[in-house]
Amino acid sequence: MINTEYFNQVDDLAEKLYDAEKYSESAAVLESAYQNYPDQYFNITWRLLLCYRQLGLIKKCLHLIEQSNRKGFFFALHWKSWDPIRSAPGNEAILAENNRLKNQVIKDSTMKYEVLIPEGYNPTAPAPLFFTMHCDSGFFGNIDFHKRL
């Protein structure tokens with residue numbers, strides 16, 4: 001097995017524990033994954049943030065966000081479930097940097113899209129419409145998989 005396949009097993013375990021509301025156990029699995037899977041830093045950190053949020057570990061969340069911002073990563077924290085982190089005392093500088101990084105990516109990014117018209121398409125006949133967003137975690141190359149569906 002290659003490293004990615006091992007990480008997928010670890011990630012699946014962490015997800016199953018999270019889904020079973022075993023947030024501490026999921027966090028422990030993820031915390032131990034950093035050493036073996038440094039290339040998965042963002043994925044590990046995002047899931048860990050979710051666990052810490054569920055556990056009410058606001059300071060740990062803020063620390064992870066700050067640490068990740070220093071590495072150039074930002075997180076989408078606009079959902080209501082992130083209110084406790086956004087309203088925590090002393091978070092202003094951390095969240096400002098997180099937003100700065102997010103806004104920089106938005107400014108520097110372009111949207112890539114593709115319109116596919118199936119063979120035999122008849123514009124006068126009803127046809128299903130299929131959208132895919134992010135193409136499986138943002139990898140646009142995965143659109144080929146969806147084309148076959």
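In the predicted model, Y113 is located in the loop that runs between helix 6 and helix 7 (135–138). Its relative accessibility is 68%, and Y113 is therefore classed as exposed, the cut-off for that class being over 50%. Y113 also contributes to a nonpolar patch on the surface, together with V115, I117 and Y121. The area of this patch is about 520 Å².

A second exposed loop position is provided by E21, which is situated between helix 1 (3–19) and helix 2. Because its relative accessibility reaches 59%, E21 is counted as exposed. The backbone at E21 adopts a positive phi of about 60°, although the residue is not a glycine.

Helix 2 comprises 14 residues, spanning positions 23–36. From the first C-alpha to the last, helix 2 extends over 21 Å, which is close to the 20 Å expected at 1.5 Å a residue. Its buried residues are Y23, S26, A27, V29, L30 and A33. When helix 2 is viewed down its axis, these buried residues are confined to an arc of 160°, and they therefore line one face of the helix.

Buried positions were also examined in helix 4 and helix 6. Within helix 4, which covers residues 58–70, lies S68. The relative accessibility of S68 is 0%, so this serine is assigned to the buried class, for which the threshold is under 20%. When neighbours within four places in sequence are set aside, the contacts of S68 are with Y41, T45, F73 and F75.

I94 belongs to helix 6, which is formed by residues 92–108. With a relative accessibility of 12%, I94 falls below the limit of 20% and therefore counts as buried. Once residues up to four places away in sequence are excluded, I94 is found to touch L62, I65, E66 and N69. For one of these partners, L62, the separation between its C-alpha atom and that of I94 is 7.2 Å, although the two residues stand 32 residues apart along the chain.

Taken together, the positions described here include the exposed loop residues Y113 and E21, as well as the buried helical residues S68 and I94.

Methods: Residues numbered from 1 in each chain as written. Predicted model: local features only at pLDDT ≥ 70, side-chain atom pairs only at ≥ 80, totals over all residues. Heavy atoms only, no water. Helix = DSSP H or I, 4+ residues; strand = E, 2+ residues; numbered from the N terminus. Buried < 20%, exposed > 50% of the residue type's maximum accessible area, 1.4 Å probe, protein only. Contact = heavy atoms within 4.5 Å. Expected span 1.5 Å × (residues − 1). Arc of directions from axis to C-beta. Patch = residues over 30% accessible without salt bridge, like charges linked within 9 Å, V, L, I, M, F, W, Y side chains within 5 Å. Areas by Shrake-Rupley, 256 points an atom, 1.4 Å probe, with all protein chains shown as cover. Salt bridge = Lys/Arg side-chain N within 4 Å of Asp/Glu carboxyl O.
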